Amino acid sequence: MGMEWTLTQKRRLRELNAGCEILNGDFSTPSERDEAFRLMEKFLVKREKERLFLLRDVHRRPGLCLLEDNLAKALVSAGFVQVVTPMIITAESLEKMSVGNDHPLRKQVYWVDDRHCLRPMLAPNLYVMLRSLKRIWGTPVRIFEIGTCFRRDSRGRSHLNEFTMLNLVELEAEYHDSLGRLKELIDTVMSAVGMSGHELCREESEVYGETIDIVVGGHEVGSAVIGPNPLDDQWAITDPWVGIGFGLERLLVVKEGYDNIAKVGRSLAYLDGTSLRL
Ligand code: ATP
Ligand code: 9VF
Ligand code: MG
């Protein structure tokens with residue numbers, strides 16, 4: 001076993017979407033390594049530039065935007081109505097989600113003023129919409145929102161401070177098999193994403209008590225909940241429901257095999273997974 005890339009070289013190669021075969025370099029001398037780096041960087045820069053030309057000339061829209069469109073179309077076909085709610089929400093609505101002063105999520109919230117914050121989740125708004133629409137439409141109520149949520153998250157390869165959440169929820173007078181229905185909706189979303197092989201895992205949740213996480217290749221791409229839930233009282237919801245929250249950037253990372261979620265999120269350094277430092 002000889003010499004590996006330097007940390008700086010490795011970081012640059014990752015930035016340029018080098019695969020692990022490339023990242024596992026093995027050299028006998030520094031000059032051999034540095035020469036290999038020079039050639040490899042040149043090759044990758046060319047490849048990444050080609051991706052940006054393809055974006056300009058053919059695709060024209062980032063994968064994140066296409067995914068959002070595909071998901072909205074699939075859910076509309078499945079009978080769901082899209083809603084668009086405020087990104088600035090009240091402290092009171094967070095408290096009604098049990099995210100009060102001593103809650104772990106509270107520390108992740110971006111405050112706008114002493115009574116308002118940027119939404120860390122879609123659920124409080126969707127609860128309000130469910131209540132209003134149930135009054136007008138009766139059951140079932142099937143709605144979804146796709147929009148930005150904000151969390152101060154420990155920065156890592158799978159967390160962004162601003163990310164796109166898809167939250168869908170169905171309220172029914174009664175279910176004979178709510179878990180079966182939930183699985184059906186998860187399948188609808190996953191086939192619209194074009195992804196197979198997901199697993200469901202039961203997880204403890206600080207908000208809902210228990211969630212059913214949707215996991216692909218070890219990554220949590222979504223969390224689902226089966227209601228009724230103790231939170232429902234706060235929002236005057238009495239019917240059973242099933243709901244799922246997906247992270248769109250997470251779905252894209254897993255589907256396209258990116259090593260870092262920052263490449264597909266809102267960014268000034270990347271466009272559609274491609275570095276602009278070329
Ligand atoms: P994690 O445990 O990975 O931090 P979470 O369980 O706190 O996620 P949820 O509240 O379940 O997240 O949010 C629903 C989905 O939104 C997650 O399954 C994930 O796909 C996505 N998501 C949550 N936080 C982030 C983030 N900071 N950046 C990108 N996506 C996120
Ligand atoms: C699961 C995602 C509380 C009746 C509007 C639907 C859900 C999604 C969790 C994230 C969030 N919950 N923690 O509830 O769909 O946005 O709350 Si409702
Ligand atoms: Mg979760």
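Colleague: What makes the shell around ligand 2 nonpolar, polar or charged in its residues?

Modeller: In this predicted model, the shell around ligand 2 holds 13 nonpolar residues, four polar ones and no charged ones. The classes follow a fixed list, in which Ala, Val, Leu, Ile, Met, Phe, Trp, Tyr, Cys and Pro count as nonpolar, Asp, Glu, Lys and Arg as charged, and the others, Gly among them, as polar.

Colleague: Which residues come nearest to ligand 2?

Modeller: Ligand 2 has 17 residues around it, and those that come nearest are M121, L122, N167, Y208 and G243. They belong to the shell because a residue is near a molecule if one of its heavy atoms lies within 4 Å of it.

Colleague: What makes the pair between Y208 and ligand 2 a polar contact?

Modeller: An N or O atom in the side chain of Y208 is 2.5 Å from an oxygen atom of ligand 2, and a pair of N or O atoms within 3.5 Å is called a polar contact, so this pair qualifies. A backbone N or O atom of L122, at 3.2 Å from an oxygen atom of the ligand, and a polar backbone atom of I244, at 3.3 Å from an oxygen atom of ligand 2, also form such pairs. Two or more residues of this shell come from each of α6 (123-137), β5 (162-171), β8 (219-226) and β9 (241-247), where helices (H or I, at least four residues) and strands (E, at least two) are DSSP runs numbered from the N terminus.

Colleague: Which residues are closest to ligand 1?

Modeller: Ligand 1 is surrounded by 15 residues, and D153, H159, L160, E220 and R250 are the closest. An N or O atom in the side chain of D153 is 2.6 Å from a nitrogen atom of ligand 1, while oxygen atoms of this ligand lie 2.7 Å from a polar side-chain atom of E220 and 3.4 Å from a polar backbone atom of G222.

Colleague: How is the chain divided into domains?

Modeller: Domain 1 covers 7-60 and domain 2 covers 63-263, with bounds that come from an automatic or database domain assignment. Their centres, taken over C-alpha atoms, are separated by 36 Å. Four residues from domain 1 and four residues from domain 2 take part in the contact, which means heavy atoms within 4.5 Å.

Colleague: Which peptide bond is called cis, and with what omega?

Modeller: One of them runs from T139 to P140, with omega near -5°, and P140 lies in the loop between α6 and β4 (141-150). Another is the bond from G227 to P228, with omega near 5°, where P228 belongs to the loop between β8 and β9.

Colleague: What is said of the phi of R60?

Modeller: R60 has a positive phi of about 65° although it is not a glycine, and R60 is placed in the loop between α3 (30-59) and α4 (63-77).

Colleague: How are residues numbered, and which ones count?

Modeller: Residues are numbered from 1 along each chain as its sequence is written, while chains are lettered from A and ligands numbered from 1 in the order in which they are written. Local features need pLDDT of at least 70, side-chain atom pairs count only at pLDDT 80 or more, and totals for chains, interfaces and linings use all residues, with side-chain values using heavy atoms and leaving out hydrogens and water.

Conventions:
Polar contact = N/O pair within 3.5 Å; in protein donor to acceptor, adjacent residues only side chain to side chain.
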